[in-house]
Amino acid sequence: MAASRMGAPRAELIADSALELLAGRGMRGLTHRAVDEFAGLPQGSTSNYARTRQALLEVAVRRQAEREAAVLTPDAMPVPADVAAHGRDNLAASLATALHRYLTRHPELLVSRYELALEATRRPELREFYDRAGRQFREPLVALMRGAGSPEPERHALSLVAWCEGLMFSCAAGSYHDDVPSREELRRGFGELLHGMLAG
């Protein structure tokens, strides 16, 4: 797959190749040499760009966040004022569309995400970088829950994230990997979750 990106900037090619190696071979398969070979670059190219393993992992985390943002499109979510004005249905539909797109079109990104998340539990220096990259999704979701009328937007955002994470893991690596919910099923699930949290 890296060969299809040979027209991309070298930094992007290296980052994408790192993610593909993580998805296909796991953390042990991610080395500077492997990235060079997978990307079709001269030996030493990845080391020149990211000299240490920590630097290479940070490159992967940064690119993971960029690609997830392109798939989940947090900027396309309803703004909090719209959620307050038009209720929860639009929010449930938007969340369902984004999650369905991720589950059905980019399953390899889910696998690389879990590889990086697990590695962050073993490397405190990566944990801080990983968490910082993830705030681009967390903070807008808290604002949306506040706009939806949540009296505890931080807690309700965590519940929503936990529900999504469980679903993503089940569909990427669990027993539902061949039975991904439809967009309508996801919309109903989000609707039920939002109603249960916010009906009071």
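**Exercise 1.** In this predicted model, determine how near the axes of α7 and α8 come and at what angle they cross.

*Solution.* Step 1: the axes of α7 and α8 come within 8 Å, and their crossing angle is roughly 130°. Step 2: angles of 65 to 115 degrees count as roughly perpendicular and those over 145 as roughly antiparallel. The helices α7 and α8 are therefore oblique to each other. Step 3: on the α7 side, the contact is formed by R113, L116, A117, E119 and A120; on the α8 side, by L126, R127 and Y130.

**Exercise 2.** Classify the relative orientation of α4 and α6, and list the residues that make their contact.

*Solution.* Step 1: the axes of α4 and α6 cross at roughly 125° and come within 8 Å. Step 2: this pair is therefore oblique. Step 3: α4 contributes Q64, E68, V71 and L72 to the contact, while α6 contributes A98, R101 and Y102.

**Exercise 3.** Describe helix α10, and explain on which side its buried residues lie.

*Solution.* Step 1: α10 runs over residues 183-198, which makes 16 residues. From first to last C-alpha it reaches 22 Å, close to the 22 Å expected at 1.5 Å a residue. Step 2: the buried residues of α10 are L186, G189, F190, L193, L194, M197 and L198. Because they cover an arc of only 140° around the axis, they lie on the same side of α10. Step 3: the spacing has a general basis. An α-helix has 3.6 residues a turn, so residues three or four places apart point the same way. Step 4: E192 and G196, on the other side of α10, are exposed. Step 5: the buried residues of α10 pack against α6 (89-105), α8 (124-147) and α9 (153-172).

**Exercise 4.** Identify the residues with the most contacts inside the largest nonpolar core, and state which helix gives the most to this core.

*Solution.* Step 1: the largest nonpolar core comprises 57 residues, and L30, L99, L116 and F190 have the most contacts inside it. Step 2: at least two residues of this core come from each of α1, α2, α4, α6, α7, α8, α9 and α10. Step 3: α8 gives the most, with nine residues. Step 4: beyond its neighbours within four places in sequence, L99 is in contact with C164, L167, M168, L186 and F190.

**Exercise 5.** Decide whether H32 counts as buried or exposed, and name the residues that H32 touches.

*Solution.* Step 1: H32 is placed in helix α2. Step 2: buried means under 20% relative accessible area. H32 has 16% relative accessibility and therefore counts as buried. Step 3: not counting residues up to four places away in sequence, H32 touches T46, S47, A50, R51, T52, R53 and L56.

Note on methods:
Residues are numbered from 1 along each chain as its sequence is written. This is a predicted model: local features need pLDDT of at least 70, side-chain atom pairs count only at pLDDT 80 or more; totals for chains, interfaces and linings use all residues. Side-chain values use heavy atoms; hydrogens and water are left out. Helices (H or I, at least four residues) and strands (E, at least two) are DSSP runs, numbered from the N terminus. The expected span of a helix is 1.5 Å times one less than its number of residues. Buried means under 20% relative accessible area, exposed over 50%, partly exposed in between (1.4 Å probe, protein chains only). The arc is that of the directions from the helix axis to the C-beta atoms. Contact means heavy atoms within 4.5 Å. A nonpolar core is a set of buried Ala, Val, Leu, Ile, Met, Phe, Trp, Tyr and Cys residues joined through side-chain atoms within 4.5 Å. Axes are lines fitted to C-alpha atoms, for helices over the stretch in contact, and angles run from 0 to 180 degrees between N-to-C directions. Angles under 35 degrees count as roughly parallel, over 145 as roughly antiparallel, 65 to 115 as roughly perpendicular and the rest as oblique.
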